[in-house]
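Colleague: I am new to this structure and would be grateful for a close look at a single part of it. Please set that part in the context of the whole chain.

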Amino acid sequence: RWGLGPMAQKKKSLVKDGKLDKHGKPNASTPTEYLAQMGMDASGKPLPAASKPRIEEVGSTGSEAAAPESTDKKKKKDKKEKKEKKEKKEKKEKKE
């Protein structure tokens with residue numbers, strides 16, 4: 001059921017104490033620990049992706065963490081090149 005978990009209970013208590021507005025949004029009296037835990041800055045806006053703490057597996061290195069992004073880019077690039085090559089081949093066959 002919704003609203004019974006530990007984070008929901010904490011949020012409800014902060015709303016009740018006036019540390020969050022009635023919609024659960026941060027206000028001037030919101031604790032900084034809560035904002036940091038929720039990934040927000042002091043104004044209540046989400047932190048940029050680069051400054052959010054990353055949860056990494058034990059023994060992983062920085063190069064391994066960056067690998068998924070580079071493989072996605074490589075896959076997209078390969079797909080684009082393959083498509084262009086196919087279109088070029090079809091155009092050549094049409095001329096003949």
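Modeller: Helices (DSSP runs of H or I, at least four residues) and strands (runs of E, at least two) are numbered from the N terminus. By that reckoning the protein chain holds three helices and zero strands, in the sequence pattern α-α-α. This is a predicted model, in which local features need pLDDT of at least 70 and side-chain atom pairs pLDDT 80 or more, while totals for chains, interfaces and linings use all residues. Residues are numbered from 1 along each chain as its sequence is written, and side-chain values use heavy atoms, without hydrogens and water.

The part I have chosen is the loop between helix H1 (6-17) and helix H2 (32-37), where Ser29 is located. Ser29 is partly exposed because its relative accessibility is 40%, the class between buried (under 20%) and exposed (over 50%), with a 1.4 Å probe and protein chains only. Although Ser29 and Lys19 are ten residues apart along the chain, their C-alpha atoms are separated by 5.1 Å. Beyond residues up to four places away in sequence, Ser29 touches Gly18 and Lys19, contact meaning heavy atoms within 4.5 Å.

Glu81 offers a second point of reference, in helix H3 (residues 62-95). Glu81 has 42% relative accessibility and therefore counts as partly exposed.

For the chain as a whole, 10% of its 96 residues count as buried. Among contacts in the protein chain with a separation of 6 or more, 10% join residues 24 or more positions apart.
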